[in-house]
Each structure stands twice: as structure tokens, then as C-alpha cells.
Amino acid sequence: MSENNKLSGAAKASYGLGAVGKDMVYMLSASYVLYYFQDILGVSAAAMGVILMVARVFDAFNDPVMGAIVGKTKTKWGKFRPWLLIGTVTNAIVLYLMFTAPPTLSGSGLVTYAAVTYILWGVTYTMMDIPYWSMIPAFTEGGKEREGLTTLARSCAGVGSAIISIVTVMSVAALGRMFGGQGLTDREIERVGFSYFTLVVAVLFVVFTVICCINVKEKSTVDMKTASIGEMFRALIQNDQAMAVVVAIVIVNCSIYITSNLVIYFFKYDFGGVKWRDAYTLFSTFGGGMQILAMMILYPFLRRFFTSIKIYFISMGMAIAGYISLLILASTAMDNVYILFIPGFFIFAANGMLSVITTVFLANTVDYGELKNNRRDESVIFSMQTFVVKLASGVSAFIAALALQVLSLSNDTAEAATEIDYSVGVEAVQKMGLRMTMTIIPIIGVVFAIFWFKKKYILTDEKIEEITAEIASRK
């Protein structure tokens, strides 16, 4: 490849910047929309659970549709960048509206507002996300350049997610006090703060994407094929190993997402204290860093000594150990956030390694499917990864919201006691119910995934070598 055709540093940096903004808005929505509407605005947890599950499942089915639309687009700016820009601007607007609900709304009006804005947010995010990842072949030459850019973008996406995990709670409180005026309750401060914080994130999102669109030029027209829902299910039915991996991904992600949806409630209503926001931010910072380190360092280190399948079981064992230690520590009078780093290490490190391992396992099922069906369903198999992650996200949000409804855990429960230490107004049975939902249900899911995977998955390293050799002999 000639020097003139190589991707410039500015183009690489701009594409990575786009990933930072994209995952900032995703993490803000994924981590805080339930908390915003249920805890701050008082929408029924049951209603929010249904909204989140229906919207995420609909969004998962919407991916192939958006892929087909983008694939048929022809403009002088290419097929990807117009949708990337349109999707970003509309998603930023909807994001701001979603976290700036009119104060006059209440009851069914507020539920309707939450449903409409969240569904629209999912649709517009897909409008931007599909062309962002699909455009890589249109401005790279393939090989190491393409692989390197994909790795860079994934790393930058992790940075965007980490930024939101670390700064949101403290920034919301600070902005709420700055712009909210005097005499506001803590809930009103958070409401105002979320509106201003979301505005900042939305503006950065648009700016980063504009920079990406300006500096990243589509060099070629590429055929874009997005798997349909029918193709996905046919691939699953005809590839038992893909089915084994997909079911494991759904169960494991559901387990982990239940905890991540409820952790802010744990710090606010159980761990408590005047400085619960500081503790939550510190824990989130540690967890995000541990997850990235597990992906980049711990997994490659363990891979020197163990197969991917063994590391999978090690990760699952670490997750169970983390949940058990979290339940034990949370059930004591412990008030030191640093002690929670112990379960945090096991849970976040396991999650980081599992995100890498499941991608490896999916790649293995592509080779297996080619051997079994004489057809290489690479695009179909990897399209399923996004589909099942969104499906798991919806199901876990529903379970978390249902738990909040049953436990009657919200601002309304606690603020009668105090607006400084919310844990004072929460009964012991509510705290224990929250702890058990965050730990026991995920443990059950992880244990099921262990036995399922052990029984169904057969693609050992030796088996993959045999398959690779058999495929090569056919050509």
C-alpha cells in the first residue's frame, strides 16, 4: 500500500473521537435513564421496566432495518457519513429532551413522555451507530490498518463510557446547585443537574461527530450487507455452537446488567451516608479501570497458561466469588468504600475478560458453521452479538425495575426521613432485598451459564485446529 493511501493520523484520531462521543451518550442513557425517571421524577418502577424492555427489544430488531437503509443510500458524501451526522444530531436532541422532562408533567403524561423519548432515543442512536461501525471498510485498505483502527475505536468507546461512569453523579449535583437556585430539594437539584449535564454531553457528541465526518473521507463504495432477523435465527438453528454461545452471552449479560442497573441505588439507599456520591464515583472509577485492565492485560496474561474455555470458567468463578463477597460485605456494618473494591475487582475483571472471550467464541462458531453447513455466516454471526446484548439489556432493566417496584425503593420512600442520608429512611428488609437482587439472581444466572456452556460448547483449541485443517483441505 502506498504512503499516499495510508490513513492519516488526523483521520484516525477523528474516528476515535467519534467513538468517545458515541459511547458517552450510550452510557448516559444505559446507566441513568431508569434512575432519572424512577427515582428523581417518581415514575412507577414497573412502568419503567416495561418501557425499557420493550424499547430495547424493538431497538434490537431495528438494527437490520437501519442497516438495509444505509446500504441503499447514495449521495455525493457517501452512504455512511450523511446518516452518521443526521443520527447524531437527532439523537443529541432526543437525549437532551429525555433528561429534561417538563416539570408540569406527572402521572400517565410522564410515563408517556418517558416511553416516547426513550424509544426515539434508541431509534436515532441506531441511525448513527450502524453507519459508524459499517463505514470502516469504506476508508481503510484492510489488513493491519483496518484491524488497528477497529481496536483504536473500541478503546476510545471504552474511554467514553468510563468518562460518564466517573463524572456523572458528581457533575449532576454540582450543576444542579449552580443553576438550580436557592431552596431546592436534593431531588430538584438532581433534576436540574441532569438537564444541564446532558446538554454538555449532547453538544460534545455533535462536535466530536462533526470532526469525524470532516476528517474521515470515504475512499471507496463498499457493499454493505446487514443480517436480517430471519438470517440470524436460521444461522442459530443450523449452528448449534453459535446457539450455545448466544444463550451464554444473554444469560451472563443479564446477570451483570442487573447489578449495574442497581448499584447506584445500593450506594444511595444502602451504603448511604452524606457522601454517597463520592463513594459511588470512586467505586465506578475503580470498576471501569479494572474492566479495561482485565481486557488489555489480565486476559492476555492468563491466555499464556490456559485455554479460552478455561479462562471462561475462571471468569465465571470470579464473578460468583465477587457476588458472594459483595452480599457478605453489604450485610455488615461496613462503611468503607475501599473494602467494596474486593468484590468489585472480581466482578469487573470477570466482565472485562468475558467480553473478550465471548467474541473469540463467536469467531470460532463461524469456522464450525462453514464446516457443517458449507457456508460462512461471518456477518450474520457477529450481527447477533449486538442483537443479544440489546436483548439482555432490556430483560435485565425489566428485572431491576421490577425489584425496585416490589421493594418500594425510591426517593419517595427515603426523603421523608432526610434529604442528606437517604439510607436512614429505608427499612432493613428493603436493603436486604436490594442486596439479594444484585447478587443472588446474578449468581443463579452465572451458574446456569456455566452448566449450559459446559454441556453445549465443544469447540476446544484442538477441535478448532481440526476444523481449520478440514476447511483448508476442501479449498
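**Exercise 1. Cysteines**

Is Cys156 buried or exposed? Decide also how many disulfides the structure holds.

Solution. The model is predicted: local features need pLDDT of at least 70, side-chain atom pairs count only at pLDDT 80 or more, and totals for chains, interfaces and linings use all residues. Residues are numbered from 1 along each chain as its sequence is written, and side-chain values use heavy atoms, with hydrogens and water left out.

Step 1. Take the cut-offs: buried means under 20% relative accessible area, exposed over 50%, and partly exposed in between, with a 1.4 Å probe and protein chains only.

Step 2. Cys156 has a relative accessible area of 17%, so Cys156 is buried.

Step 3. A disulfide is a pair of cysteine sulfur atoms within 2.5 Å. By this rule the count is zero disulfides.

Step 4. Cys213 is in no disulfide, and its nearest cysteine sulfur, that of Cys212, is 5.5 Å away. Cys213 is buried as well, at a relative accessible area of 11%.

**Exercise 2. Helix H1**

Compare the span of helix H1 with its expected span, then locate its kink.

Solution. Step 1. Helices are DSSP runs (H or I, at least four residues), numbered from the N terminus; strands are E runs of at least two.

Step 2. The expected span of a helix is 1.5 Å times one less than its number of residues. Helix H1 covers residues 9-40, which is 32 residues, so 46 Å is expected. The end C-alpha atoms of H1 are 44 Å apart, which agrees.

Step 3. The bend at a residue is the angle between axes fitted to the seven residues ending there and the seven starting there. H1 has a kink of about 55 degrees, centred on Tyr32.

Step 4. Of the 32 residues of H1, 24 are buried, so the helix is largely enclosed by the rest of the structure. Val20 lies in H1 and counts as buried because its relative accessibility is 11%. The C-alpha atoms of Val20 and Gly160 are 4.2 Å apart in space, although the two residues are 140 apart in sequence.

Step 5. Just after H1, Gly42 takes a positive phi of about 85 degrees.

**Exercise 3. Helix H15**

Carry out the span and kink steps for helix H15.

Solution. Step 1. Helix H15, residues 428-456, has 29 residues. From its first C-alpha to its last, H15 reaches 41 Å, close to the 42 Å expected.

Step 2. The kink in H15 is about 35 degrees and is centred on Met436.

Step 3. Lys455 lies in H15 and is exposed, with a relative accessible area of 69%. Between Lys455 and Ala244 there are 9.0 Å in space, C-alpha to C-alpha, and the two are 211 residues apart in sequence.

**Exercise 4. A network of salt bridges**

Which residues are linked to Asp39 in a network of salt bridges?

Solution. Step 1. A salt bridge is a side-chain nitrogen of Lys or Arg within 4 Å of a carboxyl oxygen of Asp or Glu. The structure holds eight of them.

Step 2. Asp39 pairs with Lys268, with the closest N and O atoms 2.7 Å apart. Asp39 is in helix H1 and Lys268 is in helix H9 (residues 240-271), 229 residues apart. Both are buried.

Step 3. Glu190 and Lys268 also meet in a salt bridge, at 3.5 Å from N to O. Glu190 is in helix H7 and Lys268 in helix H9, so this pair ties together parts 78 residues apart in sequence. Glu190 counts as buried at 3% relative accessibility, and Lys268 has a relative accessible area of 0%.

Step 4. Arg277 forms a salt bridge with Asp186, the closest N and O atoms being 3.1 Å apart. Arg277 lies in helix H10 (residues 276-303) and Asp186 in helix H7, so the pair joins parts 91 residues apart in sequence. Arg277 is buried at 9% relative accessibility, and Asp186 is buried at 10%.

Step 5. The network thus links Asp39 with Asp186, Glu190, Lys268 and Arg277.

**Exercise 5. A nonpolar patch**

Which helix supplies the largest share of the nonpolar patch?

Solution. Step 1. Patches are made of residues with over 30% relative accessible area and no salt bridge; like charges are joined within 9 Å, and nonpolar side chains (Val, Leu, Ile, Met, Phe, Trp, Tyr) within 5 Å. Accessible areas come from the Shrake-Rupley method with a 1.4 Å probe, and for residues only the protein chains shown count as cover.

Step 2. The surface patch is formed by Leu85, Val89, Ile93, Leu97, Val210 and Ile214, with about 460 Å² of accessible area together.

Step 3. Helix H3 (81-98) and helix H7 (186-215) each supply at least two of its residues. Ile214 is found in H7.

Step 4. The largest share, four residues, comes from H3.
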